[in-house]
Structures are given as structure tokens and as C-alpha cells.
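Please look through the structure shown below before reading on. The paragraphs after it are meant to be read with the model in view.

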Amino acid sequence: EWSWIYSLVAGVFSVHVVQKQFFPYFWKDFFYLMKVIRYGARLEIFKLNSKVVTVIDTFVQQAERIPNKPFLMYEGISYTYQHINERSNKVANVFLEQGKLKKGDSVALLMSNEPDFICVWFGLIKLGCSVAFLNTNIKSRSLLHCFNCCGAKTLVVGADLLDSLEDILPSLQEDSISVWAVKNQSSRLEVQTLLDKMGQASAKPPPPALRAATSLKAATLYIFTSGTTGLPKAAVITHLQALKAAAGFWAYGGCRDDVVYIPLPLYHSAASLVGIGGTIELGATCVLKKKFSASQFWNDCRKYDVTIFQYIGEVCRYLCNQPKAEGEKEHKVRMGVGNGLRQDVWREFHQRFGEIRMCELYGSTEGNLCFMNHIGKIGAVGRSNFFYKLLFKYDLVRYDMVRDEPVRNKQGFCEHVNRGETGLLLSRIGPTSPFFGYAGSKELTEKKLMRNVFVKGDVYFNTGDLMAEDAEDFICFKDRVGDTFRWKGENVATTEVTEVLGLVDFIQEANVYGVEVPGNEGRAGMAAMIVRTGYEFSGKKLFDHVLQNLPAYSRPLFVRLQESMEMTGTFKQQKFNLVKSGFNPSIICEPLYFLDYTEKSYIPLTDRLYDSILSGKLKL
């Protein structure tokens, strides 16, 4: 009579064994997908009711629910939800009394990381304005271009950045743009001051009708994508994108007791949308750093009991490059959320600082697709499965490196790549995944679109990223389209070469790019690198390493030693100026080396050697 129980137990056990063997990630995928669907349903309800509960609405609710909980820690000072809420009300009331700003206007914000960045941002949103975050590294010519993009007629500037506007203040006046400095007083007549007026202003909330949003597709922010080449572009951020980004920490298992460390610039979507937005969604606390500091990172984490930190680009590499210290694993950090973490750094980071769960996100500021590596597999930016593909329509298509364009077949359509092959990532634009483009430029928006991809009339967003999907449905980033170059008829992926160079003990950091050599097809590999403190550059050692680990076509032919690397504001390596300056020893004053197979070493690149390369005497 017990046989049916035994059969049931045996059956359940068999299913469990089969699941573990053939579908090892089934439950993790299932629970993650449930979260995605749950959050998606919430957004659908907003659509149906035509009443959107925005990120700022959630903040106001949290300020009423947990007024005395610290929302923000900055330079040792704690700011509660109520304090930031009331201070942002004061900002709103100053502009309300001025009567210049109205619902729907856009305002530019040029500030460094500080609590008032958030107060001004929230205050302006409470008036129903959209806010354009300006990159603090932007030079004056680009700044004027940014105003034209988003149509802002008001600029709020941080006290520490006012001087950087000196040469464009007359141009701003000509364009009748009013400039407000976050100061008590200013010697400049054309600049109005905000802090003194906030001192007099009421902390009462402005009418909620001003900030009320009826559509998820209404713009709330403009975030300028860091132009590694050319002028910055203003990505339109709607309430839909802001709400999706704010769910990042929650989707990864964040909770209200977490303390989030934000060392990234607030003008970037990672810090503002994922970091601040995510903290609000959880009702948690965040620690804001004025500027990222690798040497202060772990001390800050211990001081503030940080549990989640945000990273981007090279941040984790900088932490690994710090001198080793006692007790590096003594901290409460359990999770890192970000993107751009290389495999070699990921492994070293785990060895040094403990098994912190690294949660890679993939998605551009303006993009309509997001991947999350919720499993934590090293080297993957995301994970997909059958159900995910039903919800989010994306494809990897063949890409021709020589022509620098997707391959089209005889019918004029793109072709899917096989499993495991590298292809260009495209994301279909439709009602569930709209693309909002760039402000002030139909042309730039159109450039990111691909039409008639698989059938006549379809439209896809071109991410410009080369990806591969493996047999287990993990998605790996291979390279940016512009960063891959051809040499000897082969594709050289800069990311892969950089990872291999990173394994050499004396190399602290490497930046790989292609340079044109007259008389040769394609571009030859070149690496700019920083030598680790206490080490010396060894041409012989480097030669042996690249010979052993890289195919002939992807070995850097030229090496340039640098004291420091040029970076974008979001810790991505700049390649533009390096490519432009090439490998001419009479122009570049830094040490240059050349890969010499006869000497079996990287040897100094002299003027004579340079001339024989140019004349074609020395065959590459």
C-alpha cells in the first residue's frame, strides 16, 4: 500500500535528477522570469489606467512612509528621505515663484556628485520639467551643442563648475539661457543664485498635478551618451526606461536593508537611473561619492556597512591594481551591479576580495533591450531562454568586418548566426520595446535603426555590439563594431587582445586599437599600456607572451608606454586620439616599441625603423 508513495518519491527524485542534469538553471531562470513578468504587469496597469507612478512619486511615498530613514550618505553626513524631499520642494518653490518655468520645459543640470544634484533634479521634476544631465567633462563647444539638442532655456550649475562656463557665458546670454548657480551669492550679474533663495522658500510640496505623468512614454530626462568620438548625443529617457532601470537591484535580490555605494557620476544613467532609482525602489540607503577613489573604496565600504556597490568599465580593474592589504575580505559587500567586467578581472576580484556576487547588466542608455546575468556566470553579460525570447525580440546577425556592415542575402535580408558564432545584436522595435531615440536629431535616431531586416517593413535597433550566445543560452559581449579591426584578412577583437595582455605581470592596464600603415590592407594592432609600479617593461617577456597566447594576426605590432590612460567620464577607455596619433616616433614623445620576429622581442621603434616600415622595405 506504500508503493504509490515510493513511486511518487522516485518520480520526483528522477525529475529532480533530470532537471539538475539537463536544465541546471531552471529554477533560477523561473524565479527571475516571474520577477520580470510581475514588474511588467505593473507597468501595463499604469498604461491601462493612464496614471503612472513615476520614480519621483515612489520617492515621495517613501518619504511619507520612512521619513527619518537615511536616504543618502555623503562625506560622513546623513540625509534622510524627509530632508531630501523637503529640500527638493524648496528648489521647486524657488522656480515656481520666479514664474519662468512651466510643465514640459527642459532644464539643463551641470553638477558634480553632491546631495544638491539630487535635490535640484527632484525639485525640477516636481514642477513637471524634464532635466538634461550634462557631462561635467564636456568642453565649452560641446556644451553649447547640448543646449541645442534638448532645447533647455535654463541651466543650473554647481558652485565648483561655474568657472568652467566663463568662456561660454556670453553665448548663453545671447541665446537667452538663464544661468543659476548653486551658491549663496555671485559676483557675476548674469548669474542668478539658488541657495540664498532656497533659504527663504517654503518646504511645502508643489501641486502634485504638476509632476503627474499620464504616459510611460513621456520624457523625464535627457542623458548624454559619452561620445568616445564626435559630439555627445542626448538620449531621451522616458518614465518607462526610468522605471525599468529602477528595478535592477530588486530583480537581483536587493532589499530595504541594503546600503548601496555609488562612486559613478550622477550624470550617467548607471548612477542616476539604476543607482538612485534602485535605492528609491527598495527604500534603501545609498552612499554617494564625489569622485571614485580606488584607495578609499574598501575603507568607505567598511565605514558605511556597504552591501551593494555599482561599477562600470574599468572600476574593478582599478581596485585589483591597488597594493594588497591586510583583511581585504573583511567587509559586508555581497553584490556588485554594473557592466563591462572582463573575465580576468572578475576572477582576480573574487580571489582578492571574496566571493562577491557580480551582477552584470547589459543595456545602453538609449537602447530598448536589457540583459541580466542573474546566474553570475563569469564572462557573460546576460542570459536568455525560450520564454525570455518570447518577451524580448532580439537577434544576432552576420556582420561583414571588411565592409563594416551587416551581411545581406540575395533577397536583401539579414542572416542569423549559428549558435556560438559572433553576430551583431539587433533588438526589434515594437509596442513592448519602443525606441525613443535622441533629442533634437531625427538623423541620429534614424542612424541607429535598421529596416527590412528579416521581412519588409520590420524595424530593429542596432546596438553596435558584437555578441555570441553559447549552448547554455549565456550571452557574451565580444566587441563594439567600431573597435574590431581587420588585419591580414582576419578580424581582431580588441577586447580579447586586451584580456590576454592583462595577464602579463608588468602590465597594469592596456588599451588596444588599430592603426593604418601605408601600403597595407586593414589596420595593424597597437597597444597603449601602463607599466605597473615596481616593474619594468620587458620586450622579450611580452614577445614570448603574445607569441604563445595570440594568433599572428592579432599580436600588437606596436606598443606605446603611457603614464596614464585617457578615459571617458564613465571609465571607458578613449581610443580616438590614440588611433589618430598613430605610431610615428617623431610626433609621439612616449616610448614606442615594435614587434621584431628576428630579435624575438619588442624593440624600440626608431625613426629609421619607422621609415623602413613606411617605405615597405620592412614587410609586416
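What follows goes through two sheets, a surface patch, and then some strands and a helix further along the chain.

This is a predicted model, in which local features need pLDDT of at least 70 and side-chain atom pairs count only at pLDDT 80 or more, while totals for chains, interfaces and linings use all residues. Residues are numbered from 1 along each chain as its sequence is written, and side-chain values use heavy atoms, with hydrogens and water left out.

A first sheet is open and consists of eight strands in the order β2-β1-β11-β10-β12-β13-β14-β15, with mixed pairing. At its edges stand β2 (77–80) and β15 (371–372), each with a single partner strand, so one side of each is left without a neighbour in the sheet. Strands here (E, at least two residues) and helices (H or I, at least four residues) are DSSP runs, numbered from the N terminus, and two strands count as paired if DSSP finds at least two bridges between them.

Within this sheet, strand β11 (residues 285–288) can be followed in some detail. With strand β10 (residues 259–262), β11 pairs in the parallel sense over four bridges; there Val-259 stands opposite Thr-285, and Val-260 stands opposite Cys-286. The pairing of β11 with β1 is also in the parallel sense, over three bridges, and Leu-288 of β11 is the bridge partner of Tyr-74. Which residues of β11 point one way, and which the other way? Thr-285 and Val-287 point one way, Cys-286 and Leu-288 the other, and all are buried, where buried means under 20% relative accessible area, exposed means over 50%, and partly exposed lies in between, with a 1.4 Å probe and protein chains only. Helix α5 (residues 115–126) lies across β1 (70–74), β2 and β11, and runs at about 135 degrees to β1; such angles run from 0 to 180 degrees between N-to-C directions, with axes as lines fitted to C-alpha atoms, for helices over the stretch in contact.

A second open sheet has seven strands in the order β7-β6-β5-β3-β4-β8-β9, again with mixed pairing. Its edge strands are β7 (191–193) and β9 (233–238), each of which pairs on one side only, and the twist averages 25 degrees from one strand to the next. In this sheet, strand β3 (residues 106–110) and strand β5 (residues 154–158) pair in the parallel sense over four bridges, and Ala-108 has Leu-155 in β5 as its bridge partner. Helix α4 (residues 81–98) packs on the sheet, touching β5, β6 (178–182) and β7, and its direction makes about 150 degrees with that of β6. Helix α12 (residues 269–282) also packs on the sheet, touching β4 (130–133), β8 (219–225) and β9, with its direction at about 145 degrees to that of β8. Contact here means heavy atoms within 4.5 Å.

On the surface, Phe-26, Trp-27, Phe-30, Phe-31, Met-34, Ile-37 and Leu-391 make a nonpolar patch of about 650 Å². The largest share of this patch, six residues, comes from helix α2 (residues 26–49). One of the patch residues, Phe-30, lies in helix α2 and is partly exposed, with a relative accessible area of 33%.

Further along the chain, strand β20 (residues 422–428) is mostly covered, as five of its seven residues are buried. Strand β17 (residues 394–397) pairs with β20 in the antiparallel sense over four bridges, and Asp-395 has Leu-426 in β20 as its bridge partner. Six bridges join β20 to β22, and these two strands run antiparallel, with Arg-428 opposite Tyr-460 in β22.

Is Val-459 buried or exposed? Val-459, which lies in strand β22 (residues 459–469), counts as buried at 19% relative accessibility. Leaving aside neighbours within four places in sequence, Val-459 is in contact with Arg-428, Ile-429, Leu-449, Met-450 and Arg-451. Val-459 and Ile-429 are 30 residues apart in sequence, and 5.8 Å apart in space from C-alpha to C-alpha.

Finally, helix α18 (residues 494–501) is mostly covered, with six of its eight residues buried, namely Thr-494, Thr-495, Val-497, Thr-498, Val-500 and Leu-501. The buried residues of α18 pack against β23 (474–480), β24 (485–487), β25 (490–492), β26 (507–515), β27 (524–531) and α19 (539–549).

How values were computed:
Patch = residues over 30% accessible without salt bridge, like charges linked within 9 Å, V, L, I, M, F, W, Y side chains within 5 Å. Areas by Shrake-Rupley, 256 points an atom, 1.4 Å probe, with all protein chains shown as cover. Salt bridge = Lys/Arg side-chain N within 4 Å of Asp/Glu carboxyl O.
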